[in-house]
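Please open the model in your viewer and keep the sequence panel beside it. The stops below go from the whole chain down to single residues.

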Amino acid sequence: MNSKIRPKNGMMLFALALVLTCLLAFAPDIWATSGGSCAPTGGTDTRDSAGGRVTDQFAGRVMGQNMNKMVGGRFSLLSPIMVTQVPNSVVGSNGRMGVNLTDNMTGLSSGDEGNKFGLWMSGSWTDLENDLSSTAFDGDLFLFMGGFDHMFTSRLLVGLALGYEWSDLDTTFNNGTLDSGGFTVSPYAAYLFTDYLSADVMVSYTILNYDVARAGGNITGSYGAERFMVSTGLNYFYLMDNWNFGAGLGYMYSNEDVDRFIESNGTINNKRDADLGEVRFGGRVGYFFDKFEPYFSAYYVYDASMEEIIVAQNQEQPANDRDEVETTLGLNYTPTDAIRCGLEVAHSFARKDIKNTSVLFNLRWEF
């Protein structure tokens with residue numbers, strides 16, 4: 001690299017970014033309504049009810065998390081591959097943007113930057129389930145994204161991603177279904193502070209359309225929604241022989257505005273919005289076998305701001321728990337210095353009523 005940042009200055013930057021991330025995460029008056037509640041309205045089985053809100057809340061959460069992994073960097077910049085390869089950058093286990101390898105790791109002379117452009121695509125499937133009778137649902141979520149990015153300098157990457165998501169859920173709480181689809185646009189960027197420390201930011205905007213049914217399909221409706229999401233993160237990695245260690249701290253905020261609509265039987269479902277602020281931190285470890293890198297990661301997730309759901313007194317009350325643990329097993333494969341791909345399985349648990357498992361794949365070409 002042409003320039004180096006001293007460790008002391010790097011630690012100061014890390015501390016400053018850490019404080020900023022925490023302020024964003026725990027500022028509900030700015031980002032979201034923390035500790036708010038939702039009492040059942042319009043009956044206990046409409047889309048405007050507690051059950052409908054729980055479905056939207058957790059479906060939106062998973063879509064945001066998967067999008068964050070894709071656009072946030074796992075598929076833009078994969079883990080480092082070996083001294084004999086020449087990757088531009090690496091990435092933390094939470095899918096964040098990564099950092100450049102030092103010159104002595106890559107064999108590049110000072111000033112060499114490798115490939116500057118990248119094209120990528122990624123897809124995910126999630127099995128999502130809520131087993132609480134008053135808000136129960138289960139089904140599948142799908143997300144496909146592709147993007148293009150450019151290394152403007154050896155420390156700065158900027159890109160743009162486009163995507164499409166859809167869901168197919170059975171809403172047991174009202175004996176119905178929920179189907180959705182929507183397009184996303186998402187600019188993103190990452191910056192390298194030191195050889196081991198990076199930061200990234202992503203913004204996304206999604207336009208959604210929903211088709212719902214309840215009472216065995218006898219009552220139907222359709223409505224639109226808009227979702228805004230922003231995500232920031234700090235990432236640290238360290239290479240030791242064939243081992244690749246990483247750690248990350250991130251914050252994701254999303255807001256979804258749902259339009260007012262009238263069901264086929266005349267029931268009015270009010271306009272509403274849902275906010276979620278999520279802090280996550282954890283680490284990963286990987287090991288290189290030639291062109292392969294199997295890895296494992298574990299992250300703790302905490303809802304710094306969320307809408308608490310309250311159902312009717314004669315129904316089971318949701319736990320409204322704020323934390324979960326996400327574990328991931330994955331494998332990266334780098335056949336050449338220009339082509340990279342990977343597959344991972346992630347499982348989230350520790351929430352009382354909700355559980356989900358996701359499978360993600362990725363493919364990237366650099367030039």
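Begin with the whole protein chain in cartoon view, where 4 helices and 16 strands can be picked out, helices being DSSP runs of H or I with at least four residues and strands runs of E with at least two, numbered from the N terminus. This is a predicted model, in which local features need pLDDT of at least 70 and side-chain atom pairs count only at pLDDT 80 or more, while totals for chains, interfaces and linings use all residues. Residues are numbered from 1 along each chain as its sequence is written, and side-chain values use heavy atoms, without hydrogens and water.

Next, select β2-β3-β4-β5-β6-β7-β8-β11-β12-β14-β15-β16, which form a closed barrel of 12 strands with antiparallel pairing; two strands pair if DSSP finds at least two bridges between them. From one strand to the next, the twist averages 15 degrees, taken between N-to-C directions of lines fitted to C-alpha atoms, on a scale from 0 to 180 degrees.

Within this barrel, select strand β4 (residues 156-171) together with strand β5 (residues 176-192), an antiparallel pair joined over 16 bridges. Show Asp168 as sticks, and look opposite this residue for Asp179 in β5.

Then move to the loop between β3 (137-151) and β4, where Ser154 is found. Is Ser154 buried or exposed? Ser154 counts as buried because its relative accessibility is 18%, the limits being under 20% for buried, over 50% for exposed and partly exposed in between, with a 1.4 Å probe and protein chains only. Finally, draw a C-alpha to C-alpha distance from Ser154 to Leu192, which lie 38 residues apart in sequence and 8.2 Å apart in space.
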